[in-house]
Amino acid sequence: MSQSPTGTAEADPALVRRAIAASAVGNATEWFDYGVYAYVATQIGDAFFPGEYSTLAAMLVFAVSFVLRPLGGIFWGALGDRIGRRAVLAMTILVMSAATFLVGVLPTAASVGLLAPILLLILRMVQGFATGGEYGGAATFMAEYAPDRRRGFFGSFLEVGTLSGFTLAIIVVGVTEASIGSEAMAAWGWRVPFLLGLPLGLIGLYLRSRLEDTPVFRELEAQGRVEQSTRTRLADLVRLYWRPLLMLGGLVVALNVANYTLLTYSPTYLQETIGMSSGSTDLLIGIGQAAMIIFLPLAGAWSDRVGRKPLWWTSLIGMFVLVIPAYLLMAQGFVGALIGFSVLGLIYTLQLGTISSTFPAMFPTQVRYVGFAASYNIATAIFGGTAPAISEGLIGATGSNLVPAYVMMVAFVIGMVALWFVPETRGCSLRGTEIPRAADAPSRPVAA
């Protein structure tokens, strides 16, 4: 054990690495599912919603599945603040991976008619309910294990898990289609990636089961300061911590509108709106996300040096200025699309690489899991999960290929307003029952 600048004992580096791996694998499983669904949305639409608006219907199911995410966040978050982070994360990853697997074995509309889309919707909602507790819990678990002075660097690997899940999804979908052909892919091949969700989840479950709960939570538990009443905890959360709930929600609007528009919706956008082939789209997204994965730890380490807020300001302002030129460039063909996507993606990693060090530090230990999960998932359900369907619908209604850019610009403005009020927490301790704050750090925008 070593001592942090705050004087608190830090976990063994090997144990920290294991905790990061356990968090990241679960996150990768979550986003593997979302990535697969997005990359085979056309085939899902044809299988479950045959007709003129099949893809839009598939995207609406993607959006509706987010309805239960806030309920999942409140349920799992409150439970995680009461019984511990590890036990809840074991449950969420198991439910999540099982739902992903079952999508791969569903009958289609051609076999059972209306029952097929109903079953799909139910499984997507189960997935959403489990996911509501997964991300906030994984980020909290990681943040409470990481050393204070390197929380940004270690936290960035949770987002490496996010993009690795996306990238693995596109590789699996691309290899499957290349191996069996587009006709077989539409007929049955789209099922194969979903079936892989279960073994991925079991790997994450194994890694998590081999760890103790976080040192921060165990310390609070040993002091007898864990609130056992869920009702009291939720009432205190709203009454005492409504400001960080709102601030985090505003940041999440910017973060996840960009996430679901840029990462999840781009394959559909590039194929159906720009007219790019599925093979070219897979290659483009794969290259762009590989670059983002490499850059994420650098962004996290940078935030440990200069603070979280400078990176967020740079990302929000940079994407606001460049998103329209990038989308105009995407319409010029593969090379232009690769440059446009990669530029936006790399600027976006300045937000993405600092989520897990920024968001958990906005709440004290006793409400950290539920505060993070509730605010994150409410904002994601209302704004993030609906972004692909909104973009798809508005493109059809307006005929403008720049709709995704406009949607993101509005979200970035909301994020900037929220960021103005967020305190800097670089290097501060997450222990105790007070909101963490770095007293010597600026809370207003500064140059990165």
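Me: What makes up the roughly 200 Å³ of the largest pocket, and which residues line the largest pocket?

Reply: In this predicted model, the largest pocket holds about 200 Å³ of space. Its lining consists of E52, Y53, S54, T55, L56, Y265, E272, T273, E392, G393, I395 and G396. Helix 3 (54–64), helix 15 (266–273) and helix 21 (387–398) each give two or more residues to that lining. Helix 21 has the largest share, with four residues.

Me: Why is a residue such as G393 put among the polar ones when you sort the lining of the largest pocket?

Reply: Gly counts as polar under the scheme used here, so G393 goes into that class. The lining of the largest pocket then divides into four nonpolar, five polar and three charged residues.

Me: What about helix 15 itself, which of its residues are called buried?

Reply: S266, P267, T268, Y269 and L270 are the buried ones. The label takes a relative accessible area under 20%, so each of these five falls below that mark. After helix 15 comes G275, and its phi is positive, near 85°.

Me: How do you know that the second largest cavity belongs in the count of cavities?

Reply: The count takes cavities of 30 Å³ or more, and there are two of them. The second largest has about 40 Å³ of space, so with the cut-off at 30 Å³ it goes in.

Me: Which residues surround the second largest cavity, and which helix gives the most?

Reply: The lining is W31, Y135, E159, T162, L255, N256, N259, Y348, L352, I355 and Y376. Helix 14 gives the most, with three residues. At least two residues each come from helix 8 (151–180), helix 14 (242–264) and helix 18 (334–352). By class, the lining has seven nonpolar residues, three polar and one charged.

Me: Why is L114 called exposed?

Reply: Exposed means over 50% relative accessible area. L114 comes in at 65%, so the label fits. L114 sits in the loop between helix 6 (109–112) and helix 7.

Me: What makes L114 fit for a nonpolar patch, and which residues join it there?

Reply: A patch residue needs over 30% relative accessible area, and Leu is on the list of nonpolar side chains. L114 has 65%, so it clears that cut-off. The patch on the surface is formed by V95, V112, L114, L115, I118, I122 and V126, with about 560 Å² of accessible area together. Helix 7 (residues 115–145) supplies the largest share, four residues.

Key
Residues numbered from 1 in each chain as written. Predicted model: local features only at pLDDT ≥ 70, side-chain atom pairs only at ≥ 80, totals over all residues. Heavy atoms only, no water. 1 Å grid on protein atoms, 1.4 Å probe; cavity = no way out; pocket = protein on both sides within 12 Å on 5 of 7 lines; lining within 4 Å. Points joined across faces, edges and corners; volume = space filled by probe spheres on them. Patch = residues over 30% accessible without salt bridge, like charges linked within 9 Å, V, L, I, M, F, W, Y side chains within 5 Å. Areas by Shrake-Rupley, 256 points an atom, 1.4 Å probe, with all protein chains shown as cover. Salt bridge = Lys/Arg side-chain N within 4 Å of Asp/Glu carboxyl O. Buried < 20%, exposed > 50% of the residue type's maximum accessible area, 1.4 Å probe, protein only.
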